[in-house]
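Here's a quick briefing on the salt bridges in this protein. Have a look at the sequence and structure first, then read on.

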Amino acid sequence: MADGSKLRPYTLTGGRTHADYALQLDTLLAARPSPAEVDLGPEGERIRLLCATPQAVADLAACLGQPIQVAKILASDLLHAQALVIADYDVGLRPDRQLLEDVLAGLRKI
C-alpha cells in the first residue's frame, strides 16, 4: 500500500466486492462538509480530504494506493454518507473538438 497501511483491501471494504454507485474511472468526486455525527473512518477522511478539489475515481485509487474497485466501494460509501458528491465536468475545461480531430488526423498520418 502506498500509504503504508497494512490493511488488506477486503478489510477496507468489509468484504464487499461491488460499489452501490456505478462509478466510472473518470467520474469526478468532490467533498462535502461531513456531518459531525458521521464517523467516516481514517480512509473515509483521507478520501474526503483528497476530494477537496474534485478527483477522478482513477486518480483517487492511485492516491490511496488501492485497486480501483476498492476506491469505488469506499467512495460509494461516502456518497451514501453524503460526504462526497459526483461533480460535474466544467464545460470550459473540456478539450476543443476540432483540436481533438486535428490530433487524431495527425496521429493517423504517422
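What follows is a run through the salt bridges, one pair at a time.

Keep in mind that this is a predicted model. Searching the whole structure turns up three salt bridges. One of them ties together distant parts of the chain, while Arg-97 and Glu-101 pair up within helix H5.

**The long-range pair**
- Asp-77 and Arg-16 form a salt bridge, with their closest N and O atoms 2.7 Å apart.
- The two partners are 61 residues apart: Asp-77 sits in helix H4 (residues 68–80), and Arg-16 belongs to the loop between helix H1 (9–12) and strand E1 (28–31).
- Asp-77 has a relative accessibility of 28%, so it counts as partly exposed.
- Arg-16 is partly exposed too, at 36% relative accessible area.

**The pair in helix H2**
- Glu-45 and Arg-48 join their side chains in a salt bridge, at 3.8 Å from N to O.
- Because they are three residues apart in helix H2 (residues 41–50), about one helical turn separates Glu-45 from Arg-48.
- Glu-45 is partly exposed, with 32% relative accessibility.

**The pair in helix H5**
- Arg-97 and Glu-101 make a salt bridge through their side chains, with an N to O distance of 3.1 Å.
- Both residues are in helix H5 (residues 97–109), four residues apart, or about one turn of the helix.
- Arg-97 is exposed, with a relative accessible area of 63%.
- Glu-101 is partly exposed, at 37% relative accessible area.

Conventions
Residues are numbered from 1 along each chain as its sequence is written. This is a predicted model: local features need pLDDT of at least 70, side-chain atom pairs count only at pLDDT 80 or more; totals for chains, interfaces and linings use all residues. Side-chain values use heavy atoms; hydrogens and water are left out. A salt bridge is a side-chain nitrogen of Lys or Arg within 4 Å of a carboxyl oxygen of Asp or Glu. Helices (H or I, at least four residues) and strands (E, at least two) are DSSP runs, numbered from the N terminus. Buried means under 20% relative accessible area, exposed over 50%, partly exposed in between (1.4 Å probe, protein chains only).
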